[in-house]
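Let's take a friendly walk through some side-chain contacts, charged ones to begin with and aromatic ones after that. Have the model open as you read.

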Amino acid sequence: MASGLLLGGAVAALVTAAVPAHSPSSSPVFVDPPPDKIVIDVATVNGSGCRPGSAAVAVSEDNTAFTVTYSEYLAQVGGNSDPTAFRKNCQLSLVVHVPSGFTYAIAQADYRGFASLQSGASAVQRASYYFQGSSQTVFKNHTFNGALNDNWQATDTTDWANLVYAPCGVQRNFNINTELRVNAGTSSPSRVSFMTMDSTDGDINTVYHMAWKECPGK
């Protein structure tokens, strides 16, 4: 599936985090976001949590964020839930057109959503991201236990020294893999528990912080 830039529904955003260029010579030199416009296209969308047409991407006007829109990302168990609904996943492959002379890395991801878990039930949110042709990062898991009926938030952070940058001068898709899983546990089989990565009020629910660096020879 190929898609242009779209916006609407529940939102996930990628916000740039710039570090002043005064790091030691042995460390990468961090710079402000590039002034030229970033363009992002959705190359492929796969997964039970983001069927074709239910996820899209848009870049912010100030070049400091991109938003991923999910409209059907919900996992649930109990009651009359489909037996396969306890786990939902989404795999996005994004074509990120970065201005010449710059590259980027993901420094932090802040995930948000809503969960309604019965007493005895639990849920897991997990995510990983990697550039095409490189090794996939290890999934980072966040567990939530019932009883819970509230917004949830989880943060994945990468130390600056361990940031993995997109290769300079070569186009590599940026892949985002996420998953929601709900376990009924000891809760009553007749009671529904669910977890979602969307929001009814349209607030931002995922933030991917970026670090920028100039490529050699710029």
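## A shared acidic partner

Arg-181 has a relative accessibility of 34%, so this residue counts as partly exposed. Keep in mind as you look around that the model is predicted. Arg-181 forms a salt bridge with Glu-179, and their closest N and O atoms are 2.8 Å apart. Shared partners turn such contacts into one network, made up of Arg-87, Arg-126, Glu-179 and Arg-181.

Is Glu-179 itself buried or exposed? Its relative accessibility is 4%, so Glu-179 counts as buried. Two of its arginine partners can be described in the terms used for Arg-181: Arg-87 is partly exposed at 30% relative accessibility, and Arg-126 is partly exposed at 23%.

## Bridges across the sequence

Which parts of the chain does the contact between Glu-179 and Arg-87 bring together? The salt bridge between these two has its closest N and O atoms 3.3 Å apart. Because Glu-179 belongs to strand E12 (residues 174-183) and Arg-87 to strand E7 (residues 87-97), the pair ties together parts that are 92 residues apart in sequence.

Glu-179 also meets the side chain of Arg-126 in a salt bridge, at 3.4 Å from N to O. Here the link runs from strand E12 to strand E9 (residues 122-131), which holds Arg-126, and the two residues are 53 apart in the chain. Over the whole structure, the search for salt bridges finds four.

## Aromatic pairs

Now for the rings: the whole structure has six aromatic pairs. One of them is the tilted pair of Phe-114 and Phe-194, with 6.1 Å from centre to centre and 35° between the planes. Phe-114 sits in strand E8 (residues 102-117) and Phe-194 in strand E13 (residues 193-196), so this pair ties together parts 80 residues apart in sequence. Phe-114 is partly exposed, with a relative accessible area of 26%, and Phe-194 is partly exposed at 23% relative accessibility.

Phe-131 and Phe-174 form a tilted pair too, at 5.4 Å centre to centre with 50° between the planes. Since Phe-131 lies in strand E9 and Phe-174 in strand E12, the pair ties together parts that are 43 residues apart in sequence. Both Phe-131 and Phe-174 are buried. Ring pairs also join them with Tyr-104 and Trp-212 in a cluster.

## Charges over rings

Arg-126, already met as a partner of Glu-179, lies over the face of Phe-139, 4.1 Å from the ring centre. Elsewhere, Lys-213 places its charged end over the ring of Tyr-165, at 4.3 Å from the centre.

Terms used:
Residues are numbered from 1 along each chain as its sequence is written. This is a predicted model: local features need pLDDT of at least 70, side-chain atom pairs count only at pLDDT 80 or more; totals for chains, interfaces and linings use all residues. Side-chain values use heavy atoms; hydrogens and water are left out. Helices (H or I, at least four residues) and strands (E, at least two) are DSSP runs, numbered from the N terminus. Buried means under 20% relative accessible area, exposed over 50%, partly exposed in between (1.4 Å probe, protein chains only). Rings of Phe, Tyr and Trp (its six-membered ring) pair if their centres lie within 6.5 Å; planes under 30 degrees apart count as stacked, over 60 as edge-to-face and the rest as tilted. A charge sits over a ring if NZ of Lys or CZ of Arg is within 6 Å of the ring centre and within 35 degrees of the ring normal.
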